[in-house]
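This briefing introduces one protein structure to a reader meeting it for the first time. Please keep the sequence and the model in view while reading.

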Amino acid sequence: MGGRTRTVSASSDFSEYFHEINDRQVDDISIEFFYKPHTITLLLLSVGTMLYMAFTRDETVSHQNNIWTGMCCATFFFLVISVLTFPNGPFTRPHPALWRLVFGCSVLYLMFLVFILFQDYETVRSILVFFYPELQNFTIDMDESNWGQNCNPLTFDKIWSSLDIFAFAHLFGWMMKALLIRHYGLLWTISIMWEVTELLFAHLLPNFIECWWDAIILDILLCNGVGIYIGMKVCRWLEMRDYKWESIKDISTTSGKVKRALMQFTPESWIQVRWMDSDSPAKRVLSVSLLVIAWQLTELNTFFLKHVFQMPPHNPFNAIRILCLGPIVAPTIRQYYLYVTDRRVKRMGTQCWVYICITLSEAFICFKFGRELFKQTVVTNVLIWLLLQMVITFVCVYLCVTWNRRQEIKDVGNDSGLDLNSSVLDTPQPGEGGRRPSPSAERSADLRRRAGGVSARDRLNAVASGAAPRRSVRLGGAVSEDGDRF
């Protein structure tokens, strides 16, 4: 009897690429100790901590303290299980366990939102007062900030006095947004549309009322503009680097080993994103438009939650929520980008799915518990907001596609014939010493190239032809172009 030939379906290949964005494995392990399983050690430490807390603390202090301690211990065990079982996501630096922990936090927050959605207003307020007793007697009317007053005449002293901690947080936030989205067109669209959102929702949220110079000078030009510029410059600098990671075992000096360990907290690689190409299909255009609208909804949730549940701006809940959502958004954007741009990725990443549920759950909570507030809604303003969202987003996408088409035509007409945005090599190349990289490394490199990244070999070819600046740095080993270690 003849042997049976095994065939691999196309869906199997698609699943492999989905696996790369949902549960990416470490291609090259340099510090083996941190990647060996320590499940028994973690089990003993977890159980030991639970027993110590259960039998040594004084349970007669108050029942509130008992509830708080029990919730903290339950949360601790849930996050431990998250580190053990949840997928890595698309990132592996500084360690996959960190991103499993981030995913666990997102699931935990989603469960909390679902629980809140089925309570009444008084119950939710009592929960918030349990965590933050200072909210007991606070109402939103007690916020005595002067919104949009004393706007004219414009003086330097007024602008200088407005540069508070929130302005610097605003600037830093837009730097982080630039590192995540990496596209000037989308960033400026989100920036301008947010000011339009504040203008049209000011009748519901008093803190949206601001002077014209606050919106144009401080927000759009200063905080947003400078933040976008700095973030994009950092992206450009990271794109130009040639990432060659050296194992810590191959470094002889102590200072080199320490530097390699610290550089574990830097990106393993950095791709050049291409949200829109000249041949972008309708699905990609629609998906990018939805990204802009979803970003506006996420920002709106921040202010509506604070207003509906009557929390002051300095309440820790606001800061904790933003600090938790920041790391959650990073893998979410990467998974959404690859789902939109790579036709071989047929499934949305798990972290992206959870974040969409978080955003919608927050919106549902705002609508449910803010009915009295939304009765004051000026319907015309909301309709204008929706219309402007669609029109401005469509115009942004159209202009970006047109710009990319002209750039590609310009590149084709270039005598060098070199396109730094595409991969020169269609097949995996042998590694150093004639060895081929591992299958997972081949899939990762191929996925990065198709997502818009420029391979190291492409950059070296560009350098040799004089079409791009040369910046070759061996990360970890820290080797300069002349071969000197620094």
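At which residue does helix H12 bend, and by about how many degrees? In this predicted model, H12 bends by about 30° at Val 329. The points below cover this helix, an internal cavity and a glycine pair.

**Helix H12**
- Helix H12 covers residues 316-341, and because a helix of 26 residues at 1.5 Å a residue should span 38 Å, the 38 Å between its end C-alpha atoms agrees with expectation.
- A proline, Pro 331, follows the bend at Val 329 within four residues.
- The N-terminal end of H12 is capped by Asn 315, which places a side-chain oxygen 3.0 Å from the backbone nitrogen of Phe 317.

**The second largest cavity**
- The whole structure contains 4 cavities of 30 Å³ or more, and the second largest holds about 100 Å³ of space.
- Helices H4 (96-117) and H5 (121-131) each supply at least two residues of its lining, with H4 giving the most, 4 residues.
- Among the lining residues are Tyr 109, Phe 112, Val 124, Leu 128, Leu 305 and Ile 365.
- Phe 317, whose backbone nitrogen takes part in the cap of H12, also lines this cavity.
- The lining consists of 10 nonpolar residues, with no polar and no charged ones.

**Gly 173 and Gly 227**
- Gly 173 belongs to helix H7, residues 165-181.
- Gly 173 has 23% relative accessibility and therefore counts as partly exposed, a class that lies between under 20% for buried and over 50% for exposed.
- Gly 173 and Gly 227 are 54 residues apart along the chain, while their C-alpha atoms are separated by 7.5 Å.

Technical notes
Residues are numbered from 1 along each chain as its sequence is written. This is a predicted model: local features need pLDDT of at least 70, side-chain atom pairs count only at pLDDT 80 or more; totals for chains, interfaces and linings use all residues. Side-chain values use heavy atoms; hydrogens and water are left out. The expected span of a helix is 1.5 Å times one less than its number of residues. The bend at a residue is the angle between axes fitted to the seven residues ending there and the seven starting there. A polar contact is a pair of N or O atoms within 3.5 Å; within protein, one must be able to donate a hydrogen and the other to accept it, and residues adjacent in sequence count only if both atoms are side-chain atoms. On a 1 Å grid over the protein atoms alone, a cavity is a set of points where a 1.4 Å probe fits but cannot get out, and a pocket is an open set with protein on both sides within 12 Å along at least five of seven lines; lining residues have an atom within 4 Å of a point. Grid points are joined across faces, edges and corners, and a volume is the space filled by probe spheres set on the points. Ala, Val, Leu, Ile, Met, Phe, Trp, Tyr, Cys and Pro count as nonpolar, Asp, Glu, Lys and Arg as charged, and the others, Gly among them, as polar. Buried means under 20% relative accessible area, exposed over 50%, partly exposed in between (1.4 Å probe, protein chains only).
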